[in-house]
Amino acid sequence: MENEKKKDTFPRIQASASSLRTSNPIREVVDRIDTSQMNKNKPMIPLSIGDPTVFGNLNACEEAIQAVVEVTKSCQANGYPKAVGMVEARSAVAQEFSTCHCPLTAADVILTSGCSHALQLCLEVLLEPGKNVLIPNPGFPLYKTICDYIGAEARSYALLPEKEWQIDLEHLRSLIDSSTKAILINNPSNPCGAVYPESHLKEILEIAQVAKLPIIADEIYHQIVFPGNESIPIASLSQVVPVLSVGGLAKRFLVPGWRLGWIIIHDRHNALAQVREGLERLSTLIMGANSLVQAALPNIMKNVSNSWHLSVLRSLHMQANYSYERLSHMIGLEPVMPQGSMYIMVGIQVTKFVDIESDIDFSQKLLNEESVFVLPGQCFGAKNYFRIVFCAPMDKLAEAYNRMSEFCTRHVRTVQ
Ligand SMILES: *Cc1c(COP(=O)(O)O)cnc(C)c1O
């Protein structure tokens, strides 16, 4: 009997160290939040997830859907595309992002499975254990997750809330050492909603040029900027500094699930020749992006009208303004008005509250009492802030802010 049992058991199989050190900070913080005590009398309003499709008010453009339907029915795009992507689709991206100073061709574009995959390829091609990349703080958590997986160091430079979340350039400069391989910037940014003006982008380029470092530019929110701000790809401002710009359809076309992203290689005097080869080699690991969306891409870019993009932008701008207006009237909260993207960061003045000790505490109690879910700033490396995704329809936002306002009033310290 004993022996038989032994025969059936199997030794525990070990997972690799690199897999086990891979962790998503959002998941880690969110998993610590207890949803069991949520107020069941109030329907949940999740302002936490960076996915514009959650509420159903922001939908993909009909022309984009039609483009995918057509290529699907044609049965012409069911096979393996080249690992770097279909040439027509790469051309469409090249055309979209070419400027007269920086002309691009299909050879400068690699299509990827979402912008996340593009980021992974860029970090993998430049980094290895012992090397580091400079990343923004507060910032999108995936940058560090990928670096942890590679075994490289993600070194955080500070963004300044009082300067509309521009980079603390002195701090950035001070972090560079002989093991630094790249500067990663995110503009327009998640979670801050910052949009950098030309002068600031030039300051960043200057630092990269002096340090002889390439820039990885996460520009997935390109053109999601509010009136008065200009969306400038950083590569368009330098003839000298090599840039890997990453983007995709997810946010601007409101289709994150379609998983189509890209890397645009802005080479300068062949500085990136070997990197280009490395990226092409890495792209063969998963053979690139979904063939149907790739095949539809030229028509998606051609047929989705500017007026559709503008109407999405008008909604987002209205939601941003409304969010800022409501939040700035709540005691104990300090929102920072975003200049673009889909997010607003809100400072929590913990000393003004009786029983709120941190951003995690704030999110937990707001969820328990009001069923409104916001992500604690610690998910992004920003203590005592929380992030709101303002994609929800206006009535949902209004309800969420009514509840949040009551919550703040209830917890605030009353001064005698
Ligand atoms: C959403 C997001 C991404 C990932 O985009 P996918 O195409 O869905 O992989 C990358 N960077 C930032 C800053 C984002 O907010």
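Before I turn to the chain, one definition: two strands are said to pair if DSSP finds at least two bridges between them. With that in hand we can look at one such case, where, in a model that is predicted, Pro376 has Phe386 in strand 14 as its bridge partner. Pro376 and Phe386 will come back when we reach the second sheet, but let me begin with the chain as a whole.

The chain has 416 residues, and a compact globule with that number of residues would have a radius of gyration near 22 Å, so the 23 Å found for this chain agrees with that expectation. If you draw a box along the principal axes, the C-alpha atoms fill roughly 80 × 70 × 55 Å. Inside that box there are 14 helices and 14 strands, and 53% of the residues count as buried. When we take contacts between residues at least 6 apart in sequence, 73% of them join residues that are at least 24 apart. As for the surface, the chain exposes about 19,200 Å², and carbon and sulfur atoms supply 52% of that area. There are 37 positive and 42 negative charges, and their mean positions lie 3 Å apart.

Now to the sheets. One open sheet is made of 8 strands, and if you follow them across the sheet you will meet them in the order 2-9-8-7-6-3-4-5, with mixed pairing. Which strands stand at the edges of this sheet? They are strand 2, residues 109-112, and strand 5, residues 166-167, and because each has a single partner strand, one side of each is left without a neighbour in the sheet.

At the strand 5 edge, the partner is strand 4, residues 153-160, and the two run antiparallel, joined by 2 bridges. If you would like a pair of residues to find on the screen, take Leu159, whose bridge partner in strand 5 is Ile167.

At the other edge, strand 2 is joined to strand 9 by 4 bridges, and these two strands also run antiparallel; here Ile110 stands opposite Ile263 in strand 9. Although strand 2 is an edge strand, both of its faces are covered, since Val109 and Leu111 on one side, and Ile110 and Thr112 on the other, are all buried.

Let me stay with Thr112, which belongs to strand 2. Is this residue buried or exposed? Thr112 is buried, with a relative accessible area of 0%. Setting aside the neighbours within four places in sequence, the residues in contact with Thr112 include His117, Ala118 and Leu121, and also Trp262, Ile263 and Ala289. The C-alpha atom of Thr112 is also separated by 9.1 Å from that of Ile286, a residue 174 places away along the chain.

The second sheet is open as well, with 4 strands in the order 10-11-14-13 and antiparallel pairing. Its edge strands are strand 10, residues 333-336, and strand 13, residues 375-376, each of which pairs on one side only. Strand 13 and strand 14, the latter covering residues 385-389, pair in the antiparallel sense over 2 bridges, and this is where Pro376 and Phe386, the partners from my opening, belong.

Finally, some details of the backbone. Most residues other than glycine have a negative phi, and most peptide bonds are trans. With that in mind, please look at the loop between strand 6, residues 180-186, and helix 9, residues 198-211, where Pro188 lies. A cis peptide bond joins Asn187 to Pro188, with omega at about -10 degrees. Pro191 is found in that loop between strand 6 and helix 9 too, and a cis peptide bond joins Asn190 to Pro191, here with omega at about 10 degrees.

There are also positive phi values to point out. Leu254, in the loop between strand 8 and strand 9, has phi near 60 degrees, while His269, in the loop between strand 9 and helix 10, has phi near 50 degrees. Are these residues buried or exposed? Buried means under 20% relative accessible area, and exposed means over 50%. Leu254 has a relative accessible area of 2%, and therefore counts as buried, whereas His269, at 74% relative accessibility, counts as exposed.

Definitions and conventions:
Residues numbered from 1 in each chain as written. Predicted model: local features only at pLDDT ≥ 70, side-chain atom pairs only at ≥ 80, totals over all residues. Heavy atoms only, no water. Rg over C-alpha atoms; globule rule 2.2 N^0.38 Å. Buried < 20%, exposed > 50% of the residue type's maximum accessible area, 1.4 Å probe, protein only. Contact = heavy atoms within 4.5 Å. Areas by Shrake-Rupley, 256 points an atom, 1.4 Å probe, with all protein chains shown as cover. Lys, Arg positive; Asp, Glu negative; His and termini not counted. Charge placed at Lys NZ, Arg CZ, Asp CG, Glu CD.
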